[in-house]
Amino acid sequence: MNCSSDIESREIDELYINVDPIQAGGRLTLDAMKAVLSYGDGYSVCDNCEKPFRLDTIQKPPLAKFHKDLASFLHMDVARLVPGARRGFQAVAHSYVQKNSPVLLTEYSHYTEFLSVEQAGGKPYEVLADKKQIITPDAVAERIEDVLKKEKILPSLLFIDQVDYQYGNIHPVREIATVSHQYDIPVLCNGAYSVGIMPVDGKELGVDFLVGSGHKSMAAPAPSGVLATTHERAEEIFRTTQIRGDLTNRAFGMKEVEMMGCTLMGVTAVGMMASFPHVRERVHQFETQVRYTNQIVDALLSIDGTEVMSEYPRRHTLTRMDTSNSFDTVAKGHRKKGFYLISALRGRGITGIIPGSTRVWKMNPYGLTEKQASYLAQSFQEIASENGLTVS
Amino acid sequence: MSKRAVEAVFQGLFLFTEIRQIFRDTVPDHVLDQDQRIKVEKILVKLEKQLAIIKEEMLQ
């Protein structure tokens, strides 16, 4: 079935259990799906935009309240909607990273963090993880000292991903922020895989900037996200325009420079806002979701040769598996090669693993019911047995 | 045509979306439990009402 002449209707989440690592947390809630139907037109939130003509002041729909609620939810002082977490990184890097200034990132920093540094002209310095794939405060301290020795100046910013996209491991952000602040280095916490999924308290983490992704973890349409900060930093990052036209002397009110004025002016903002009451509640169910994930991982580990590359027991739903010595051994002799696994999964109504992957692959079973999680676990074991692997 | 018909269309879309959500909640087998069956029945009754409004407003 098509939506239009050449655009196929997307029915993935109506027909399959979808464990795509980047899609699970962004699946819309019922209320968001309804809101999307109503607010699909371009500037749809601007019907009642009044002075001072800025997104975070619109009362109807209640965006002004939503901005305040978001800040409160994250336990930060001020929040703004941004078109994806990456635009939050970009705004912060542009404000704090000068040309050739060193910036600390980590081995697991998302590529868009690097691009934001590149755009600002900064020099990246990476912090490596330990053997357990965790970024430690000690490693951060060592790297700061390295930078200081080499550059004679301190890094202008530190990026730390609370949950990294490669392993789904949870990193000690609070301790890292403490170290960083001992050197007066501002800290940006990338919460793309945590904000909206699990409880996140910006004040407790002690970070200067907390960035979340609407489409990755807040059940919102893409591109959407949130950039939250403290009162002190808000004056810098959300500074308002001062520019004037040289001939006309035009000025631009209280538009925020780093936000390029208004950010999400339609379906993205409303979708995110419609999901928010559910998101605010669902973070308290995170442990249940982690329990289901561990059940699925345990089932995979019961297949001889399978290993989990993420920290285990799992503390997050995003998980990286290594089935080089199990599912991949079958792929070598299978007529469908590595595609047999996704084919067998789809035959059971499951999707989201990269087609062809039988060695190292990721899944995110976030949002499944207990019944669906059990079915997924059992399906992996059945596929293994059917293909001659030992399940113990 | 009227605001009433427009609202019936939106109400219908929202009701269909509720059915869509039930598909999502029950993948991959779409086997409904008793509560879900009752919910679908109620949705369908409401949908029929909205269709009737649309017919009345747009075709009569």
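Let's start with Phe209(A): its bridge partner in β10(A) is Thr229(A). That pair belongs to a ladder of five bridges that join β9(A) to strand β10, residues 225-229 of chain A, and the two strands run antiparallel. Keep in mind as you look around that this is a predicted model.

Now turn to the other neighbour, strand β8, which covers residues 187-190 of chain A. Here three bridges make the connection to β9(A), and this time the strands run parallel. To find your place in that pairing, look for Asn190(A), which stands opposite Val211(A) in β9(A).

So how buried is strand β9 of chain A, residues 209-213? Five of its five residues are buried, so the strand is largely enclosed by the rest of the structure. A residue counts as buried here when 20 or more other C-beta atoms lie within 10 Å of its own. You can check this one face at a time: Phe209(A), Val211(A) and Ser213(A) sit on one side, Leu210(A) and Gly212(A) on the other, and all of them are buried, which leaves both faces of β9(A) covered.

From the strands, let's move to where the chains meet. On the chain A side, 13 residues are in contact with eleven residues of chain B. Two helices of chain A, α1 (12-15) and α2 (30-38), each supply at least two residues of the side that touches chain B. Of the elements involved, α2(A) gives the most, with five residues. As for the chemistry, the chain A residues on this side divide into seven nonpolar, two polar and four charged.

Note on methods: Residues are numbered from 1 along each chain as its sequence is written. Chains are lettered from A and ligands numbered from 1 in the order in which they are written. This is a predicted model: local features need pLDDT of at least 70, side-chain atom pairs count only at pLDDT 80 or more; totals for chains, interfaces and linings use all residues. A residue is buried if 20 or more other C-beta atoms lie within 10 Å of its own, exposed if 12 or fewer, and partly exposed in between; C-beta atoms are placed from the backbone. Helices (H or I, at least four residues) and strands (E, at least two) are DSSP runs, numbered from the N terminus. Two strands pair if DSSP finds at least two bridges between them. Two residues are in contact if their C-beta atoms, placed from the backbone, lie within 7 Å. Ala, Val, Leu, Ile, Met, Phe, Trp, Tyr, Cys and Pro count as nonpolar, Asp, Glu, Lys and Arg as charged, and the others, Gly among them, as polar.
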